[in-house]
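Trainee: I'd like to go through this model with you, piece by piece. Can we pull it up and start?

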Amino acid sequence: MRRFALIALPYGWLLALFLVPFLIVLKISLSDTALAIPPYTPTLDLSEGWAGIKAFLSALDFENFTFLTTDDLYWKAYLSSLQIALVSTVLTLMVGYPIAYGMANAPDHWRPTLMMLVILPFWTSFLIRVYSWMGILSTEGYLNQFLLWLGVISTPLTILNTPTAVYIGIVYTYLPFMILPIYSALDRMDDSLLEAAEDLGCSRLSAFWLITVPLSKNGIIAGCFLVFIPTIGEFVIPSLLGGSQTLMIGKVLWEEFFNNRDWPVASAVAVVLLLILIVPIVLFQINQQKQREAEE
Amino acid sequence: MRRLTWFNATSLSLGFAFLYLPMLILIVYSFNESKLVTVWAGFSTKWYGTLIQNQAFLDAALVTLKVAVASSTIATVLGTMAALVLVRVGRFPGRTLFSGMIYAPLVMPEVITGLSLLLLFIGIGLDRGILTIILAHTTFSMAFVAVVVSSRLVTFDRSLEEAALDLGCSAFDAFRLVTLPIIAPAVISGWLLAFTLSLDDLVIASFTAGPSATTLPIKIWSSIRLGVSPEINALSTIMIGIVAAGVITASLITKRASLRQQADERAAAQQR
């Protein structure tokens, strides 16, 4: 009985507030847009029982999904989200790996402090961290002031409201997610392997490519997924730093819902976004599973 | 043979400069006299003064705190229960669906979570306000609590609990007196994580908040959409300060606790 309560309480909560809401999204994505409150006409009427379901199935037309393919705004937004996520994942890896490497090779008594310094930004408000770049990147911002003062440029650069600003924002906010798994992989590495390689005539650099990188592979893969997956649906960074030029699907969904009040289309956008995310999420789970088995 | 080469030293200092410089600039310019945020016009604390007098911000901060305390506490209870189910209860009907629903919110884009919850609340006719934000935050943060607590439960030595049961403890007492104190650090960090996630959340709160309840991130969002403002700089500085103090205190406490534990273990080993 006690066991039943232990399972039932969290299970019931998740069913009611996670699964059911998602089924509602699915249902509304198949409904018709209407000028009403709420602004859609449901095509599935469960109160009519079996007849309702039959009527629903016969009228099922995936109209909102076909609409997504006819207006090129949507597929462009999906593609550009994937592209931005991919590029920024690679950039985050390039910035994060040297930091993780430096941490793993730092003197032992420094490491708790370095670790805390990496985690601290994670506890700080995400919104504020993104916001802090608005003042730096704007035309009259600190970066331009600095570069003008140095004499490197003679006219201010336009960085804010371009994809570049979005890349900077993503690398900045997701950096801890990349550093931590790579650091923990590097930290577990056996240094004597490197010594052996050097004794056997390997140069430092080739020892790095042949030993360190393969041994930190799992950390790299985990870090990349941890950056890539949440970036695809990112809303705050493209809205604050990307301006109107940057197209990302999270922003499109938001605008479709709040500005156009087109719930069926917003729901269809959400369903397709989730379908796109399933592939990287499953790959990530497989990788994590493999890693766990390797450790046992 | 760990040694700090010039390469490592450079990558560490550049890396940490990148992580901390933006926040440092924000803090420095929050003490700027000028209304033009990018032009330095002398030291002043006047933006803190205007911030404290801004009733809308204070109200939003209060709502945010209430939501964070309530949602992280419920999420900790539910998340710990979910972790116990995941680690301890072997098979039951629907187990796959259960673990799927635990892990899914971790990777679900916030826009989708927000949209789906909003559609639910409208569907059942629940008025949007502080209650709906609490429900929404609890749902996504209990997943984080469950992950943190279950990773501790996996390494937990069950024989301790079995010993308590053999010595006549009821199952609930064994949990309360043996298991809970041991997993307490994980439960506390789960609560802290849930609390921070709730304080921080903009997207889900925007979907689930009604006109009657505005949280601090929503308020910040509507004022920074138009650009950088000195009041927000001051607010950010206060928030960064609180977080930094909290994290540093927490790390000092855990360091001391682990030192004490080491000393205890040494003493126990000597007695044996």
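Trainee: Let's take chain B first. Among contacts between residues at least 6 apart in sequence, what share joins residues at least 24 apart?

Mentor: Keep in mind that this is a predicted model. Contacts in chain B can be sorted by how far apart the partners sit in sequence, counting from pairs at least 6 apart. The share joining residues at least 24 apart is 77%.

Trainee: And what does the secondary structure of chain B come to?

Mentor: Read from the N terminus, the elements go α-α-α-α-α-α-α-α-α-α-α. So is the chain a compact globule? The globule rule gives 19 Å for 272 residues, and the radius of gyration of chain B is well over that at 23 Å, so the chain is more spread out than a compact globule. Back to your count: chain B has 0 strands and 11 helices.

Trainee: What percentage of the residues of chain B count as buried?

Mentor: For scale, the C-alpha atoms of chain B fill a box of roughly 70 × 60 × 35 Å along the principal axes. To count as buried, a residue needs 20 or more other C-beta atoms within 10 Å of its own. Of the 272 residues in chain B, the buried percentage is 39%.

Trainee: On to the contact between the chains. Which element gives the largest share of the side of chain A that touches chain B?

Mentor: The contact takes 57 residues from chain B and 63 residues from chain A. Elements giving two or more residues on the chain A side include α1 (2-29), α4 (72-104) and α14 (263-295) of chain A. The largest share there, 17 residues, comes from α1(A).

Trainee: By class, how many residues on that side of chain A are nonpolar?

Mentor: Set the others aside to begin with: 4 charged and 10 polar residues on the side of chain A that touches chain B. The nonpolar count there is 49.

Trainee: Which helix of chain A gives the most to the largest nonpolar core?

Mentor: That core holds 143 residues, and L253(A), V269(A), A270(A) and L115(B) touch the most other members. Take L253(A): leaving out residues up to four places away in sequence, its partners are A266(A), V269(A), A270(A), V111(B) and L115(B). As for the helix that gives the most to this core, with 15 residues, that's α8 (residues 163-187) of chain A.

Trainee: I noticed R261(A) in the loop between α13 and α14 of chain A. Is R261(A) buried, partly exposed or exposed?

Mentor: Its phi is worth a look too, since R261(A) is not a glycine and yet has a positive phi of about 50 degrees. Most residues other than glycine have a negative phi. With 15 C-beta neighbours inside 10 Å, R261(A) counts as partly exposed.

Trainee: What about N161(A), where is its place?

Mentor: N161(A) is also a residue other than glycine with a positive phi, near 65 degrees. It has 19 other C-beta atoms within 10 Å, so N161(A) is partly exposed. Its place is in the loop between α7 and α8 of chain A.

Trainee: Last one: which element of chain A has the lowest mean pLDDT?

Mentor: Overall, chain A averages 86, with 90% of the residues scoring at least 70, and chain B averages 88, with 98% at that mark. For the complex, the predictor gives an ipTM of 0.86 and a pTM of 0.87. Where pLDDT is low, the predicted coordinates should not be read in detail. In chain A the highest mean, 94, belongs to α8(A), and the lowest, 64, to helix α2 (residues 50-59).

Terms used:
Residues numbered from 1 in each chain as written. Chains lettered and ligands numbered in written order. Predicted model: local features only at pLDDT ≥ 70, side-chain atom pairs only at ≥ 80, totals over all residues. Helix = DSSP H or I, 4+ residues; strand = E, 2+ residues; numbered from the N terminus. Rg over C-alpha atoms; globule rule 2.2 N^0.38 Å. Buried ≥ 20, exposed ≤ 12 C-beta atoms within 10 Å, placed from the backbone. Contact = placed C-beta atoms within 7 Å. Nonpolar A, V, L, I, M, F, W, Y, C, P; charged D, E, K, R; others polar. Core = buried A, V, L, I, M, F, W, Y, C linked by C-beta atoms within 7 Å. pLDDT = per-residue confidence, 0-100.
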